Amino acid sequence: EVQLQASGGGLVQAGGSLRLSCEASGFTFDEYGITWFRQAPGKEREGVSRLSTSDGSTSYTDSVKGRFTVFSDSGKNTVYLQMNNLKPEDTAVYYCAAAVGGDHNDWNEDHRDYWGKGTLVTVAS
């Protein structure tokens, strides 16, 4: 059974940092693209960061560039999202999703095959 689990959310003050984890099981980790999405209350879900587990390439939405970093540990089948200099507008439920065959080089949710349950990040001003 394919399974993804996002964790690491919590309450943090503006300017602080959190590291989210996406633990994967049930598929070949090196052949997937992992995308972090987030959804704030009353807002549509948006893509945050993408990672190809095959070549390590990454992509970020403009609002988090320079603050967030995505990286992986293939030995643990885990992708991390390091979030620094957090802002109140980063408050959202964060999800990780997997795309079969690697990164599709887009933010289309329909191109993601598996989703984990979200973890809540709350940034207080």
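Two strands count as paired here if DSSP finds at least two bridges between them. Keep that in mind for the first stop, and remember throughout that this is a predicted model.

**Stop 1: the four-stranded sheet**

Select strands 1, 3, 8 and 7. They make an open sheet in the order 1-3-8-7, with antiparallel pairing. Strand 1 and strand 7 sit at the edges with a single partner strand each, so each has one side without a neighbour in the sheet. Look at how the strands lie against one another: neighbours in this sheet are turned by 15° on average, direction ignored.

Now zoom in on strand 1 and strand 3, an antiparallel pair held over five bridges. Click Leu4 and you'll find Ala24 of strand 3 opposite. Then click Ala6, which has Cys22 of strand 3 facing it. Carry on to the other pairing of strand 3: with strand 8 it runs antiparallel over six bridges. Pick Leu20 there, and its bridge partner in strand 8 is Leu81.

**Stop 2: the disulfide**

You've just met Cys22, so stay with that residue and add Cys96. The two form a disulfide, with their sulfur atoms 2.2 Å apart, and the count for the model is one disulfide. What does this pair tie together? Cys22 belongs to strand 3 and Cys96 to strand 9, so the link joins parts 74 residues apart in sequence. Switch on a surface and check both cysteines: Cys22 and Cys96 are buried. If you want the handedness, read the torsion about the S-S bond; the value is about 75°, so this disulfide is right-handed.

**Stop 3: the nonpolar core**

Next, show side chains for Trp36, Phe68, Val79, Leu81, Met83 and Tyr94. These have the most contacts inside the largest nonpolar core, which has 28 residues. Leu81 should look familiar as the bridge partner of Leu20. Which elements give two or more residues to this core? Colour strand 1 (3-7), strand 3 (18-25), strand 4 (32-39), strand 5 (46-52), strand 7 (68-73), strand 8 (78-83), strand 9 (92-100) and strand 11 (119-124), and you have them.

**Stop 4: salt bridges**

The model has seven salt bridges by count; here are some to visit.

Start with Arg38 and Asp90, whose closest N and O atoms are 2.9 Å apart in a salt bridge. Arg38 is in strand 4 and Asp90 in the loop between strand 8 and strand 9, so this contact ties together parts 52 residues apart in sequence. Buried or exposed? Both Arg38 and Asp90 are buried. Add Glu46 and Arg67 to the selection, and you'll see a network of salt bridges linking Arg38, Glu46, Arg67 and Asp90.

Move on to Arg45 and Glu109, a salt bridge with closest N and O atoms 3.0 Å apart. This pair connects distant parts of the chain, 64 residues apart: Arg45 from the loop between strand 4 and strand 5, Glu109 from the loop between strand 9 and strand 10 (114-115). Arg45 has 31% relative accessibility, so the residue counts as partly exposed. Glu109 is partly exposed too, at 26%.

Finish on Arg50 and Asp103, whose side chains meet in a salt bridge at 3.0 Å, N to O. Arg50 is in strand 5 and Asp103 in the loop between strand 9 and strand 10, 53 residues apart. Arg50 is buried, with a relative accessible area of 4%, whereas Asp103 is partly exposed at 26%.

Key:
Residues numbered from 1 in each chain as written. Predicted model: local features only at pLDDT ≥ 70, side-chain atom pairs only at ≥ 80, totals over all residues. Heavy atoms only, no water. Core = buried A, V, L, I, M, F, W, Y, C linked by side-chain atoms within 4.5 Å. Buried < 20%, exposed > 50% of the residue type's maximum accessible area, 1.4 Å probe, protein only. Disulfide = S-S within 2.5 Å. Axes fitted to C-alpha atoms, helices over the stretch in contact; angles between N-to-C directions. Salt bridge = Lys/Arg side-chain N within 4 Å of Asp/Glu carboxyl O.
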